[in-house]
Amino acid sequence: SDATLQVSDLPESLRAARRSTGEASRTAIRRILQSHEGDLRRAARELGLSRTDLLRRMKRLGIEARGRP
């Protein structure tokens with residue numbers, strides 16, 4: 001039998017918490033990007049991330065960087 005735990009195996013309350021965390025991350029990144037007028041380097045510095053890590057996180061969360069494809 002497959003012993004791997006899937007997100008769908010979790011109770012709805014935990015799945016909802018995971019969605020809430022993602023939305024909170026999206027909101028925080030968007031707010032910081034806006035405060036730095038879209039400057040990824042400055043936003044990444046404030047978040048304690050490298051610019052590359054910020055871009056990866058943005059992609060995972062579905063946030064588009066202005067001026068980037």
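## Working through a three-helix model

A compact globule of 69 residues would come in near 11 Å for its radius of gyration, yet this protein has 15 Å. Keep in mind that the model is predicted.

**Exercise 1.** Work out the overall build: which elements are there, and in what order do they run from the N terminus?

*Solution.* Start with the count: three helices and zero strands. From the N terminus on, that reads α-α-α. Next, take the extent: the C-alpha trace spans about 50 × 25 × 20 Å along its principal axes. Finally, check the burial: 22% of the 69 residues count as buried.

**Exercise 2.** Decide whether His 36 is buried or exposed, and find what it touches.

*Solution.* First, place the residue: His 36 sits in the loop between helix 1 (12-35) and helix 2 (40-47). Then look at its relative accessible area, which is 15%. Buried means under 20%, so His 36 is buried. Last, leave out residues up to four places away in sequence, and His 36 touches Arg 42, Ala 43 and Glu 46.

**Exercise 3.** Do the same for Arg 66: is this residue buried or exposed, and which residues is it in contact with?

*Solution.* Arg 66 lies in the segment after helix 3 (51-61). Its relative accessibility is 67% and the cut-off for exposed is over 50%, so Arg 66 counts as exposed. Now set aside neighbours within four places in sequence: Arg 66 is in contact with Glu 37 and Gly 38. As for Asp 39, Arg 66 is 27 residues from it in sequence and 9.2 Å away in space, C-alpha to C-alpha.

Key:
Residues are numbered from 1 along each chain as its sequence is written. This is a predicted model: local features need pLDDT of at least 70, side-chain atom pairs count only at pLDDT 80 or more; totals for chains, interfaces and linings use all residues. Side-chain values use heavy atoms; hydrogens and water are left out. Helices (H or I, at least four residues) and strands (E, at least two) are DSSP runs, numbered from the N terminus. Buried means under 20% relative accessible area, exposed over 50%, partly exposed in between (1.4 Å probe, protein chains only). Contact means heavy atoms within 4.5 Å. The radius of gyration is taken over C-alpha atoms; the globule rule is 2.2 Å times the number of residues to the power 0.38.
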